[in-house]
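Open your viewer and get ready to select residues by number. We will go stop by stop.

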Amino acid sequence: MHETDIHDLSDDADYAAASKQGSSSVTRSDSSKRSSSSEPEDAQIVYLKDNVSIHPTQYATERIGGRLKLIKQGSSLVMTWIPYKGQSSNPRLSEKDKNLYTIRAVPFSDIQSIRRHIPTIGWQYVIVVLSSGLAFPPLYFYSGGVREFLATIKQHVVIVRSSEDANVFLVNNFQDPLQRTLSSLELPRSLANGTPSSSFRGSPSPSDNNNQETQLDTVNTSGSGQQNNNRQRQKTQDPARDLSIQVLEKFSLVTRFARETTSQLFRDSLVDGQGQSQSQSQGQGQNERRRNNWASKDHKPLEMAPIDAPIAPKDVPVPSDPLEFDKLSLVWGKPRQHPLGVEEWSNFLDYEGRIMDPDALKKRIFYGGVEHNLRKEVWAFLLGYYSYDSTYAEREYVVSVKTSEYMTIKNQWQSISPEQAKRFTKFRERKGLIEKDVVRTDRSLSFYEGDDNPNVRLLHDILLTYSFYNFDLGYCQGMSDLLSPILFIMKDESEAFWCFVSLMERLGPNFNRDQNGMHSQLFALSKLVELLDSPLHNYFKQNDCLNYFFCFRWILIQFKREFEYDKTLRLWEVLWTHYLSEHLHLYVCIAILKRQRGKIMGEEMDFDTLLKFINELSGQIELDPILRDAEALCVCAGENGAGLIPPGTPPALPIPEASMYQQQDDEVL
């Protein structure tokens, strides 16, 4: 293995100066801080900062202010953030809601890394990542103080800069492998950045094809690969597969590199002794296969059993389901109905085309979905392109106005000359990434197959136009997978664009660089599993699976890789109704996990094995039973479950007449 240099904070001139400033400011206020009656007698407040805020939603104008402290108690350093009482820019947030974000005495022994963000324009903030991989919401320093915050930490604990990202600081990190944490791997960067694209044609370059084949080999390393040959062959050109494999491989590294020191040292010496020269000469795909082999559950580094030695299956008792899940679904999960048809759809409309009872319509779609030939019209309502109380005439006017508006935005990038593009780095980067992704999105579908397919060009144009419409968010890998079904249904460039815009108002935080949207959903999922299946939650906790990263792909692209294409369309329209909950997708996650709980716990899956197992469920999950289970779980959880989901967790409904990325006096960048 190659050793990588770990850079100390002392190589940063800003922090050298900030260290002195932070130290002096702390010294001046030590006497007053020690007198605080809220801290233990042996505690010393070494850093205190007011006006440090958390944003509970994706809206810049909504924030919760609070006080951040670093407290020295004995040899330990702890961090707290307490929200101010009665102070919030969002009147809908109760004190109970604000308490969900309270950070109470987190010791730095439980903190894995800290990422700083100091934009040229906007407010500074940090993201604190725990050893479990979960992260607290970003802490915004509206009065400055990020440098002093990190300089103070350095005075009391070991904090070093990651060699992979100068803005990531690792806490108590003494081994190079542990740098591959969630933050130092920088998952947003792995999602948002790509290698330079080949020319935009209808098919990937040869190097891309080779990479795809290698990645397929990496995934299909189990005996189930033979059974799924047909399904895998159909997905050869899916970029979401590339995306999911990248994400899953990186998550796998997080846990593998965080194992006990003895196993790590043993593995390092063995790999160094047997495979270092080989790893330098072979391609990335072979390296990944070698690492995946090391990650397999049956390979125990301290017990060198013969490769072909049979492994006796373990008879491990599985704790019973506290909810008696099978009975629960029968009682509270209603049977699925046939899809909404043309005749029934007409009964929901008055003579001018208004939908008379939107709630009844949503309920009907929730239990049965929509016939395919109706989806173009109905999806426009579900995604907010049409208002439920609009008439036929008003909808025709909306189409005309929105088409004109779309062409105006599209013309912004179409009018960029080659000379201007040479001086527009962000445009070139985004354009290249989109060109690379669209030629590998759903190409097995007849709508997108073939070279020089005009629908692939439409996919490209819509995504590039969206990157200009929402320039702050831009384009990230995975967005093409969310747009593809919408364009397939709408079959109109402008209408598909505006439906995609509405969807991204709900799912956009999934693609933020700070990954706050994903973290909040994984956090809520963890709490819901604890509520609905405490034995399974405890099992995940005991096996270092509590970060729920194995559900990352499900949430990011809304189960698009888990079901057949038509079933995915059905699932999406059910989720878009928001009939029982805005967060039904989290209950879908739990329903899938509960149906597999016996296998997960019975086979004592660790994180790596579970990750592989979850990935191989793709194409093997029955949708209707899962929806019925998810409904039952949502009803069972009730208000208790809703209270565990922090306000603003995606896909929360957008606030009317409010921009998701408003640029106002307190803008968040």
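Buried means under 20% relative accessible area, exposed means over 50%, and partly exposed lies in between (1.4 Å probe, protein chains only). Helices are DSSP runs of H or I with at least four residues, numbered from the N terminus. This is a predicted model, in which local features need pLDDT of at least 70 and side-chain atom pairs count only at pLDDT 80 or more, while totals for chains, interfaces and linings use all residues. Residues are numbered from 1 along each chain as its sequence is written, and side-chain values use heavy atoms, with hydrogens and water left out.

**Stop 1: helix α14**

Select L361, R364, I365, F366, Y367 and G368. These are the buried residues of α14. What covers them? The cover includes α13, α15, α25, α26 and α29. Contact here means heavy atoms within 4.5 Å. Now step to G369, which follows α14. Its phi is positive, near 75°.

**Stop 2: helix α15**

Move on to residues 375–382, which form α15. This helix is mostly covered, with six of its eight residues buried. Colour R375, V378, W379, A380, F381 and L382 to see the buried ones. Their cover includes α13 (342–347), α14 (358–368), α16 (392–414), α20, α21 and α25 (565–576). Just after α15, click G384. Its phi is positive too, at about 85°.

Next, find T391 in the loop between α15 and α16. Is T391 buried or exposed? T391 has a relative accessible area of 8%, so it is buried. Show its neighbours. Leaving out residues up to four places away in sequence, T391 touches E352, G353 and R354.

**Stop 3: the pair α20 and α21**

Select 479–490 for α20 and 493–507 for α21. Their axes come within 9 Å and cross at roughly 140°. Axes are lines fitted to C-alpha atoms, for helices over the stretch in contact, and angles run from 0 to 180 degrees between N-to-C directions. Angles under 35 degrees count as roughly parallel, over 145 as roughly antiparallel, 65 to 115 as roughly perpendicular, and the rest as oblique. The two helices α20 and α21 are therefore oblique to each other.

Their crossing is right-handed. A crossing is right-handed if the near helix is turned clockwise from the far one by less than a right angle, and left-handed if anticlockwise.

Which residues of α20 and α21 meet? From α20, show M479, L482, L483, I486, L487 and M490. From α21, show E495, A496, C499, F500, L503, M504 and L507. By class, this contact has twelve nonpolar residues, no polar ones and one charged. Ala, Val, Leu, Ile, Met, Phe, Trp, Tyr, Cys and Pro count as nonpolar, Asp, Glu, Lys and Arg as charged, and the others, Gly among them, as polar.

Before leaving, pick K491 in the loop between α20 and α21. K491 is not a glycine, although its phi is positive, about 55°.

**Stop 4: helix α26**

Jump to residues 584–595, helix α26. Draw a distance between its end C-alpha atoms. They are 17 Å apart. The expected span is 1.5 Å times one less than the number of residues. For the twelve residues of α26 that gives 16 Å, which agrees.

Eleven of the twelve residues of α26 are buried, so the helix is largely enclosed by the rest of the structure. Among them are H585, C589 and L593.

**Stop 5: α26 against α29**

Add residues 623–643, helix α29. The axes of α26 and α29 come within 8 Å and cross at roughly 115°. This crossing is right-handed. On the α26 side, the contact includes Y587, V588 and A591. On the α29 side, it includes I626, D629 and L633. The contact of α26 with α29 has 13 nonpolar, one polar and three charged residues.

Zoom in on D629, in helix α29. D629 is buried, with a relative accessible area of 3%. D629 and Y587 are 42 residues apart in sequence, yet 8.2 Å apart in space, C-alpha to C-alpha.

**Stop 6: two last picks**

Find E604 in the loop between α27 (597–602) and α28 (607–615). Its phi is near 50°, a positive value in a residue other than glycine. At 30% relative accessibility, E604 counts as partly exposed.

Finish at P651, in the segment after α29. The peptide bond from P650 to P651 is cis, with omega near 0°.
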